[in-house]
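Trainee: Please take a close look at a single part of this model for me. I would like to follow one salt bridge and then see how others compare in setting.

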Amino acid sequence: MDLDVFVSAHRAEWDRLDALLRRQRRLTGAEADELVALYQRTATHLSLIQSSAPDPQLTGRLSQLVARARSAVTGTRHASWRDVTRFLTHGFPAAVYRSRHWWVPTALLSTLIATLLGWWIGTHPEVQSSIAAPSELRDLTRPGGQYETYYSSHPAASFAAQVWTNNAQAAAMCLVLGVFLGIPVLWILFQNMLNLGVGIGLMSSAGRLDTFLGLVLPHGLLELTAVFVAAGTGLRLGWTVIDPGPRSRRTALAEEGRAALGMAIGLALILFVSGAIEGFVTPSGLPTWARIGIGIAAELAFLAYVYVLGGRAARAGDTGDVDESERSATLPTAV
């Protein structure tokens with residue numbers, strides 16, 4: 001494309017669109033039709049320039065012009081409770097359901113790694129001695145030790161808020177850092193599994209694995225599932241960088257990135273529930289079977305939410321991305 005010739009041929013249309021957008025009075029019917037037509041043409045021009053002859057200054061000017069025209073044509077849209085409801089019943093569960101082929105294997109493999117680490121630590125005293133001194137290990141694992149008092153060492157409300165904040169940050173990091181080919185996600189995931197494996201190994205070596213699982217399972221089932229979903233989605237985003245499929249890499253990353261951002265909000269709500277369980281249920285005086293039962297119920301409710309509501313929404317075409325009317329226009333991509 002000869003950019004100078006292209007600009008000379010269409011400058012008048014862009015100037016006319018800019019003039020219509022600057023009108024202080026209400027546009028006539030003919031002027032409104034003209035604005036819509038010029039907006040569509042200018043959006044096409046912008047796509048052509050971005051794909052064939054990118055020029056930062058011209059692209060910036062046309063992007064601003066198209067954004068202003070789009071706002072004038074579609075009007076300013078405000079989020080409503082209907083949007084929130086649709087996100088919670090369609091967008092978020094559909095996005096989690098679509099990512100199941102990533103986060104389910106991630107969950108299974110991570111659980112296996114944590115179990116193997118726990119077995120290795122629990123059956124090798126020399127490994128335990130490298131973690132801490134024998135007296136410190138006894139303080140950790142004895143009845144009333146640090147593993148038990150950890151969940152009741154702070155007021156329930158502040159502890160739940162702290163746990164929620166930490167877990168939400170970890171999930172957000174998995175989602176955001178996934179774009180770096182998923183490598184940081186693997187490291188974050190390994191650190192979480194290592195911490196879990198150390199707890200399993202040390203408490204099993206002390207003959208108190210049942211106590212440890214009774215403390216971890218009530219909140220850990222839902223909490224770890226949320227982390228696995230975030231990690232799987234981050235890995236999927238990293239793979240999109242490598243293989244965007246039939247879409248252009250920019251389009252694929254934009255679509256998957258917007259869905260991942262929505263998932264960060266949804267997972268923050270899920271982690272709020274697990275944080276509340278960890279703050280109020282785990283350290284409570286309820287019997288172990290009751291505490292674990294609450295954790296299992298919360299986990300099953302989340303899985304039903306994903307596979308029933310999410311599956312239905314995904315089959316109806318919902319991807320967790322924003323509505324098509326709110327996306328940037330894209331050119332067809334040759335296969």
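Mentor: Glu148 is partly exposed in this predicted model, because its relative accessibility of 24% falls between the 20% limit for buried and the 50% limit for exposed. Its salt-bridge partner is Arg208, and the closest N and O atoms of the two are 2.3 Å apart. Glu148 sits in helix H8 (residues 146-149), while Arg208 is in the loop between H10 and helix H11 (209-242). The pair thus links distant parts of the chain, 60 residues apart. Arg208 has a relative accessible area of 14% and is buried.

The structure holds nine salt bridges. Another one of them joins the side chains of Asp15 and Arg61, at 2.9 Å from N to O. Asp15 belongs to helix H1 (residues 3-22) and Arg61 to helix H3 (residues 56-74), so this pair ties together parts that are 46 residues apart in sequence. Asp15 is partly exposed, with a relative accessible area of 37%, and Arg61 is also partly exposed, at 32%.

Glu31 and Arg23 form a further salt bridge, with 2.6 Å between the closest N and O atoms. Here Glu31 is buried, its relative accessible area being 12%, whereas Arg23 is partly exposed at 29%. Asp18, Arg22 and Arg68 are linked in a network of salt bridges.

Methods
Residues numbered from 1 in each chain as written. Predicted model: local features only at pLDDT ≥ 70, side-chain atom pairs only at ≥ 80, totals over all residues. Heavy atoms only, no water. Salt bridge = Lys/Arg side-chain N within 4 Å of Asp/Glu carboxyl O. Helix = DSSP H or I, 4+ residues; strand = E, 2+ residues; numbered from the N terminus. Buried < 20%, exposed > 50% of the residue type's maximum accessible area, 1.4 Å probe, protein only.
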